[in-house]
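Notebook, entries on a predicted model. I set down here what I looked up, beginning with the sheet and going on to the helix packing and the cysteines.

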Amino acid sequence: MKDLYKKHLSKVLNTFDRLMNKYQYDEVVLYSGEIKTVHLDDNTYPFKAYFNFKYFAPILDYPNSLIIYKSGEKPKLVLFRQEDYWHSQPKDIEGFWIEFFDITYYKDINKIFDNLSTNLSKTAFLGEDTKRFEKLHFKSFNDKKVLDFIHFNRSYKSEYEVSSIRKANELASYAHKAAHQSFLDGNSELQSHLKYLEAIAFKESEVPYPNIVAYDENSAILHYMDYSTKKIDSKSFLLDAGASCNGYHSDITRTFVKDGHDEFKALIQAVDKCNLNIISKIKIGMNYEELQEQMHKDVSQILVDFKLMNISYDEIYEQGYSKIFSPTGVGHYLGLQVHDVGNFISDENGSVIERSKEHPYLRLRRDIEVSNVFTIEPGVYIIEQLLRPHMGNKKFNWDNINALKPYGGVRIEDNIYVGENQIINLTRPYFKEIDESSNII
């Protein structure tokens with residue numbers, strides 16, 4: 001891992017060297033962020049380190065800390081750790097990567113400015129909480145040109161980043177298995193959520209996004225997070241949940257159903273087949289939106305096969321009826337952020353790619369290139385709000401739709417890496433046992 005990280009940091013520093021040369025900066029200061037207090041209270045929100053700060057190194061729990069980089073020099077890491085008997089403080093950092101930084105600690109927040117250069121006229125500041133620093137004379141605060149340059153380049157993942165995302169997939173597989181068993185055991189949504197956390201020893205604030213733990217009809221709520229505490233005789237279970245490694249994330253969804261519900265099990269298998277078919281179509285150079293169209297072609301066929309509509313495949317696809325049952329985007333970039341950056345930037349200059357008019361919820365419109373990592377997550381849902389305007393329309397087979405409605409919906413989501421010579425599924429190797437138990441491979 002050390003060798004992979006060394007190459008990764010070299011790539012990061014090269015990116016920053018080029019942007020400083022392009023926009024005439026001598027130095028960049030990245031701020032990890034601050035712990036935020038609830039309004040009119042003394043409780044705090046969980047701390048989340050600034051994403052571009054994590055791009056340099058896996059430093060996740062050091063608020064009020066700085067990375068200072070001058071072109072051609074060893075980056076400096078300035079970590080804040082106060083003397084405080086009220087709150088626990090971060091431990092000394094350790095690991096394979098620390099030798100690549102000049103590391104110092106400071107304990108008085110009022111001394112943070114002492115770590116900065118005396119002349120900041122050619123220094124870029126990156127990070128939130130600029131109010132603390134606004135009296136200083138940085139050349140810029142969160143210069144959009146600088147951010148676009150970084151975010152464009154973050155879409156090309158190093159081997160270290162891919163290795164971290166792969167490990168995050170492996171971790172998530174343990175937790176998915178535990179939550180699935182909890183569902184089979186008859187536990188509540190909340191209990192299954194807690195089993196997920198327990199399986200990988202993550203605190204709730206440490207998962208990359210709030211887990212979607214949805215039984216039955218709740219699966220039709222795309223970002224359902226209410227976690228019912230009641231034990232019910234549930235039929236189906238949609239679990240959208242990931243894990244993290246070195247600050248990088250996985251984003252994985254599986255849908256399960258108990259025995260005796262053959263029609264919905266067949267629908268899960270059909271969506272899984274759709275997922276694999278979309279992945280098989282991935283080609284370097286194609287626009288990601290083509291995969292969105294492939295999803296709607298496949299979903300249109302599913303609507304025919306399951307007799308959810310009384311019209312032909314061509315009419316379903318051409319008239320956009322598949323969007324009623326599959327209203328989401330097919331996926332997004334993945335990395336330091338679950339919905340990673342750079343989805344709508346076409347070059348280092350920050351040229352904007354407009355959102356798709358045909359698919360407004362599609363989060364990614366760039367061409368597919370080597371070293372991209374993104375998700376593929378087709379789904380079929382019975383969403384009352386979207387179906388309501390069509391009530392009574394004889395093009396819809398309402399008997400079959402109503403029969404599937406109690407199950408909510410299906411989503412299958414994998415994490416995909418575009419290698420030089422092959423498309424690599426980072427999820428499936430770790431989910432083989434889970435997928436076999438659900439009869440979806």
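Entry one, the sheet. I traced an open sheet of 6 strands, in which the order reads β4-β3-β2-β1-β5-β6 and the pairing is mixed. At its edges I noted β4 (102–106) and β6 (140–141), each of which pairs on one side only. Looking at the β6 edge, I found that β6 runs parallel to strand β5 (residues 123–126) and is joined to β5 by 2 bridges; I also wrote down that Ala-124 stands opposite Ser-140 in β6.

Entry two, what packs on the sheet. I looked up helix α1 (residues 2–23), which packs on the sheet and touches β1 (27–31), β2 (66–70) and β5, with its direction at about 65° to that of β2.

Entry three, the helix pair. I then followed α1 to helix α4 (residues 159–184), and the two axes come within 7 Å and cross at roughly 125°. Because the angle falls outside the ranges for roughly parallel, roughly perpendicular and roughly antiparallel, I entered α1 as oblique to α4. On the α1 side the contact is made by Leu-4, Tyr-5, Lys-7 and His-8, and on the α4 side by Glu-159, Tyr-160, Glu-161 and Ser-163. Sorted by type, the residues of this contact of α1 with α4 come to 3 nonpolar, 2 polar and 3 charged.

Entry four, the cysteines. How many disulfides does a search of the whole structure find? The search returned 0 disulfides. I checked burial as well: Cys-245 has 17% relative accessibility and therefore counts as buried, the cut-off being under 20%, and Cys-274, at 3%, counts as buried too.

Conventions:
Residues are numbered from 1 along each chain as its sequence is written. This is a predicted model: local features need pLDDT of at least 70, side-chain atom pairs count only at pLDDT 80 or more; totals for chains, interfaces and linings use all residues. Side-chain values use heavy atoms; hydrogens and water are left out. Two strands pair if DSSP finds at least two bridges between them. Helices (H or I, at least four residues) and strands (E, at least two) are DSSP runs, numbered from the N terminus. Contact means heavy atoms within 4.5 Å. Axes are lines fitted to C-alpha atoms, for helices over the stretch in contact, and angles run from 0 to 180 degrees between N-to-C directions. A disulfide is a pair of cysteine sulfur atoms within 2.5 Å. Buried means under 20% relative accessible area, exposed over 50%, partly exposed in between (1.4 Å probe, protein chains only). Angles under 35 degrees count as roughly parallel, over 145 as roughly antiparallel, 65 to 115 as roughly perpendicular and the rest as oblique. Ala, Val, Leu, Ile, Met, Phe, Trp, Tyr, Cys and Pro count as nonpolar, Asp, Glu, Lys and Arg as charged, and the others, Gly among them, as polar.
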